[in-house]
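Work through these exercises with the model open beside you. Each task is followed by a solution in steps.

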Amino acid sequence: MLRQLGQLLSHSSRAGDTVGRWGGEEFTLLMPDTLAADARSGALALSRLVATHSFALPRGITLSCGITEVADNDSIRALMRRADRALYRAKENGKNQVDVELVR
């Protein structure tokens with residue numbers, strides 16, 4: 001299922017975007033030159049696609065997304081920490097959600 005999900009995300013993303021498995025059941029989607037609002041729209045579309053995709057499972061799966069933007073002088077650690085916090089808020093809000101955390 002994880003392989004199928006990765007392939008679905010890769011094939012459904014824009015040219016220039018990069019999908020990677022981050023660990024466990026988590027993936028990253030890097031969307032260069034994309035504002036958070038546009039990334040949110042893309043994540044919502046991917047979430048709908050995953051929810052309606054026919055995986056070889058007895059039940060469907062959902063996609064929760066955490067989004068952030070890269071800030072000037074951002075470290076990978078800070079970037080991923082913000083995205084991770086947004087992801088866990090999305091999961092806490094009932095799964096199959098998208099949450100955005102902007103730089104403060």
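**Exercise 1. Classify Asn 73 by its accessibility, then place Asn 73 in the chain.**

Solution. Asn 73 has a relative accessibility of 82%, so it counts as exposed. The classes are: buried, under 20% relative accessible area; exposed, over 50%; partly exposed, in between (1.4 Å probe, protein chains only). Next, the location: Asn 73 sits in the loop between β3 (65-67) and α3 (76-92). Helices (H or I, at least four residues) and strands (E, at least two) are DSSP runs, numbered from the N terminus. Last, the backbone: phi of Asn 73 is near 60°, a positive value in a residue other than glycine.

A note on the source: this is a predicted model, in which local features need pLDDT of at least 70 and side-chain atom pairs count only at pLDDT 80 or more, while totals for chains, interfaces and linings use all residues. Residues are numbered from 1 along each chain as its sequence is written, and side-chain values use heavy atoms, with hydrogens and water left out.

**Exercise 2. Find the loop that holds Lys 95, and give its accessibility class.**

Solution. Look between α3 and β4: Lys 95 is in that loop. Its relative accessibility is 49%, so Lys 95 counts as partly exposed. Now check phi. For Lys 95 the angle is near 60°, a positive value in a residue other than glycine.

**Exercise 3. Describe the surroundings of Asp 99.**

Solution. Start with the element: Asp 99 belongs to strand β4 (residues 98-100). Then the accessibility: a relative accessible area of 14% makes Asp 99 buried. Now list the partners. Neighbours within four places in sequence are left aside; Asp 99 then contacts Cys 65, Gly 66, Ile 67, Ala 86, Arg 89, Ala 90 and Asn 93. Contact means heavy atoms within 4.5 Å. Finally, look at the side chains. Those of Asp 99 and Arg 89 are joined by a polar contact of 2.7 Å. A polar contact is a pair of N or O atoms within 3.5 Å; within protein, one must be able to donate a hydrogen and the other to accept it, and residues adjacent in sequence count only if both atoms are side-chain atoms.

**Exercise 4. Is Ile 67 buried or exposed, and which residues does Ile 67 contact?**

Solution. Ile 67 is found in strand β3. With a relative accessible area of 8%, Ile 67 is buried. Beyond four places in sequence, its contacts include Ala 36, Ala 39, Arg 40 and Ala 43. Val 98, Asp 99 and Val 100 are also among them. One more pair to check: Ile 67 and Leu 87 are 20 residues apart along the chain, and their C-alpha atoms are separated by 7.3 Å.

**Exercise 5. How far apart are Leu 57 and Met 1, in sequence and in space?**

Solution. In sequence, 56 residues separate Leu 57 and Met 1; C-alpha to C-alpha, they are 7.9 Å apart. Leu 57 lies in the loop between α2 (36-52) and β3. Its relative accessible area is 35%, so Leu 57 is partly exposed.

**Exercise 6. Summarise the whole chain.**

Solution. Count the elements: 3 helices and 4 strands. Their order from the N terminus is α-β-β-α-β-α-β. Now the burial: of the 104 residues, 30% count as buried. For long-range packing, take the contacts with a separation of 6 or more; residues 24 or more positions apart account for 47% of them.
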